Amino acid sequence: MKHIRWPRRTLPAWLGIAMLLAGALLAGCGARQGARSETPAATAASPSATAPGGASLFTVPDNQLANLKLIEVQRTSWPVVVNTTGTVDWNNDRTTPAISQIGGPVARIVAEPGDLVKLGQPLLYVASPDVATAIANYRKARNREDFTKRAMARDQDLLQHEALAAKDFESAQADYNDAVTDVQDNLQALKIFGVTQPEIDEAERQGIAISPQLAVRSPIAGVVVQKLASPGLLLQAGTTVCFVISDISSVWVQGHIFDRDLPSVRVGDLVEERNPSIPAVFRGEVEYVGSMLDPATRTTPVRIVTRNPGGLLKKDMFVDAVVHTRTKRNILAAPLSAVLHDAQNQPFVYVEAQHGRFAQRAITVGDEQNGSTEVVSGLKEGEKIVSDGGIFLQFANSY
């Protein structure tokens with residue numbers, strides 16, 4: 001056999017270890033072909049040396065065992081993790097339409113989709129004679145209130161000087177009370193229309209023309225996510241939706257849970273969400289678990305309230321969600337570094353059958369968490385496996 005000599009300066013450290021292990025295995029092969037070996041510790045297992053399950057064993061020299069790290073397979077308690085997908089939607093608890101309280105054509109629009117608006121900020125203006133009538137009625141009521149107040153003050157002075165009958169003063173007092181009631185009625189009508197206090201103060205000033213335009217204002221602070229009005233559109237009082245405003249600092253993710261995972265998922269479970277096009281990880285909480293199963297998909301809807309810093313999540317965007325449930329289960333775990341894959345991409349580990357002797361064992365794996373994987377079958381609790389250095393054994397075993 002021709003041996004390849006690697007230059008010392010170019011030989012990788014891991015490859016050197018692997019070649020030493022391979023050399024030990026080759027020595028064992030020579031022993032199987034009839035060659036005598038005077039160093040049993042460096043000899044691979046003969047065909048008769050097999051593990052209880054029938055797998056062939058091969059030996060690692062004692063001077064190479066230090067390069068392998070063994071770990072005992074143990075049972076542990078893992079929280080159940082449920083993977084699902086979801087669709088982003090606006091948080092309906094923080095989303096509301098802006099509806100005009102008066103009818104009339106749109107005079108001008110001052111907000112556009114994507115604008116950040118404050119509570120009470122004007123979105124558009126409606127031209128309506130109803131507004132002018134309401135402001136005029138309020139102004140008349142204020143004038144009558146002032147007049148009856150002055151008349152009552154004069155009658156009270158006359159009454160104190162016994163120049164007026166008591167019944168005349170009571171009549172003046174009743175007129176004033178009626179005027180105050182009319183002011184309150186007309187003021188309430190203006191507030192229903194959405195007239196602000198500065199506009200009301202302006203309406204009380206005499207000699208100023210009354211503007212027929214009234215602002216439709218934002219009912220909450222947030223972002224304009226939909227614009228449904230255009231200049232000249234005739235609005236119906238209390239019916240026509242002009243804009244949709246949403247506080248996008250949080251969104252809803254509408255997820256779907258398979259029936260097999262439903263017992264594990266509960267309200268309050270924490271969720272991590274990712275979108276392939278966004279590097280950030282979004283975090284939310286399960287707020288609602290549906291009470292019906294979709295017969296077509298065999299899933300139940302769940303609603304996840306998700307924090308949305310920077311507004312990166314958009315409506316109808318898809319995300320991958322991982323639900324960290326509070327349900328736990330007992331499993332057999334092995335380090336991810338111990339699990340290798342054969343030519344058919346099937347997982348296996350190296351199990352220590354005897355001191356310095358290892359067998360390749362096929363396993364079935366399940367979920368992964370924190371650098372470990374669930375071993376569904378193929379291993380027993382207490383068995384020792386190679387957690388680090390298994391790649392060198394695989395390299396040597398391939399010779």
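Modeller: Before we start, a salt bridge here is a side-chain nitrogen of Lys or Arg within 4 Å of a carboxyl oxygen of Asp or Glu. Keep in mind too that this is a predicted model.

Colleague: Okay, by this rule, what does the count of salt bridges come to?

Modeller: Each one has to pass the 4 Å cut-off between nitrogen and oxygen. Going by that rule, the count is 11.

Colleague: Which residues are linked with Glu272 in a network of salt bridges?

Modeller: Start with Glu272 and Arg274, whose closest N and O atoms are 3.7 Å apart, which makes a salt bridge. Glu272 also meets the side chain of Arg283 in a salt bridge, at 3.9 Å from N to O. So the residues networked with Glu272 are Arg274 and Arg283.

Colleague: How many residues apart in sequence are the parts that Arg283 and Glu272 tie together?

Modeller: These two side chains form a salt bridge. Arg283 sits in strand S14 (residues 278-289), while Glu272 belongs to strand S13 (residues 270-275), so the parts tied together are apart in sequence by 11 residues.

Colleague: Is Arg283 buried, partly exposed or exposed?

Modeller: Buried needs under 20% relative accessible area, and exposed needs over 50%. Arg283 has a relative accessible area of 42%, so the word for Arg283 is partly exposed.

Colleague: Which strands hold Glu287 and Arg303?

Modeller: These two form a salt bridge as well, with their closest N and O atoms 2.9 Å apart. The pair links distant parts of the chain, 16 residues apart: Glu287 is in strand S14 and Arg303 is in strand S15.

Colleague: Let's look at Thr306. Why does Thr306 count as buried?

Modeller: Thr306 is part of strand S15 (residues 299-307). Buried means under 20% relative accessible area. Thr306 counts as buried because its relative accessibility is 0%.

Colleague: With which side chain does the side chain of Thr306 make a polar contact?

Modeller: Leaving out residues up to four places away in sequence, Thr306 touches several residues, including Ser249, Ser250, Phe282, Arg283 and Glu273. The polar contact, at 2.7 Å, is with the side chain of Glu273.

Colleague: And Ser250: which side chain makes a polar contact with the side chain of Ser250?

Modeller: Ser250 is in strand S12 (residues 250-258), and its relative accessible area of 7% makes it buried. Neighbours within four places in sequence aside, Ser250 contacts Asn91, Arg94, Thr306, Arg307 and Asn308. The side-chain polar contact, at 2.9 Å, is with Asn91.

Colleague: Which are the edge strands of the open sheet of four strands?

Modeller: The order runs S4-S11-S9-S6, and the pairing is antiparallel. An edge strand pairs on one side only, and that fits S4 (95-99) and S6 (116-117).

Colleague: What is the bridge partner of Thr95 in S11?

Modeller: S4 is joined to strand S11 (residues 241-246) by five bridges, and the two run antiparallel. Look for Thr95 among these residues and its bridge partner in S11 is Ser246.

Colleague: How many bridges join S7 to strand S8?

Modeller: S7 (residues 122-127) also pairs with strand S5 (residues 104-109), in the antiparallel sense over three bridges, and there Ile109 has Leu124 as its partner. Toward strand S8 (residues 213-217), S7 again runs antiparallel, and Tyr125 has Ala215 as its partner. The number of bridges joining S7 to S8 is five.

Colleague: Now a helix: how many Å does H3 reach from its first C-alpha to its last?

Modeller: H3 covers residues 166-193, which is 28 residues. At 1.5 Å a residue the expected reach is 40 Å, and the model comes close to this with 41 Å.

Colleague: Which residue just after H3 takes a positive phi?

Modeller: Within H3, the buried residues include Phe169, Tyr176, Val183 and Leu190. Just past the helix, a phi of about 95° turns up at Gly194.

Colleague: Last one, for the protein chain as a whole: what percentage of the 399 residues do buried residues make up?

Modeller: The chain's secondary structure comes to five helices and 22 strands. Of the contacts between residues at least 6 apart in sequence, 71% join residues at least 24 apart. The share of buried residues is 37%.

Notes. Residues are numbered from 1 along each chain as its sequence is written. This is a predicted model: local features need pLDDT of at least 70, side-chain atom pairs count only at pLDDT 80 or more; totals for chains, interfaces and linings use all residues. Side-chain values use heavy atoms; hydrogens and water are left out. Buried means under 20% relative accessible area, exposed over 50%, partly exposed in between (1.4 Å probe, protein chains only). A polar contact is a pair of N or O atoms within 3.5 Å; within protein, one must be able to donate a hydrogen and the other to accept it, and residues adjacent in sequence count only if both atoms are side-chain atoms. Contact means heavy atoms within 4.5 Å. The expected span of a helix is 1.5 Å times one less than its number of residues. Two strands pair if DSSP finds at least two bridges between them.
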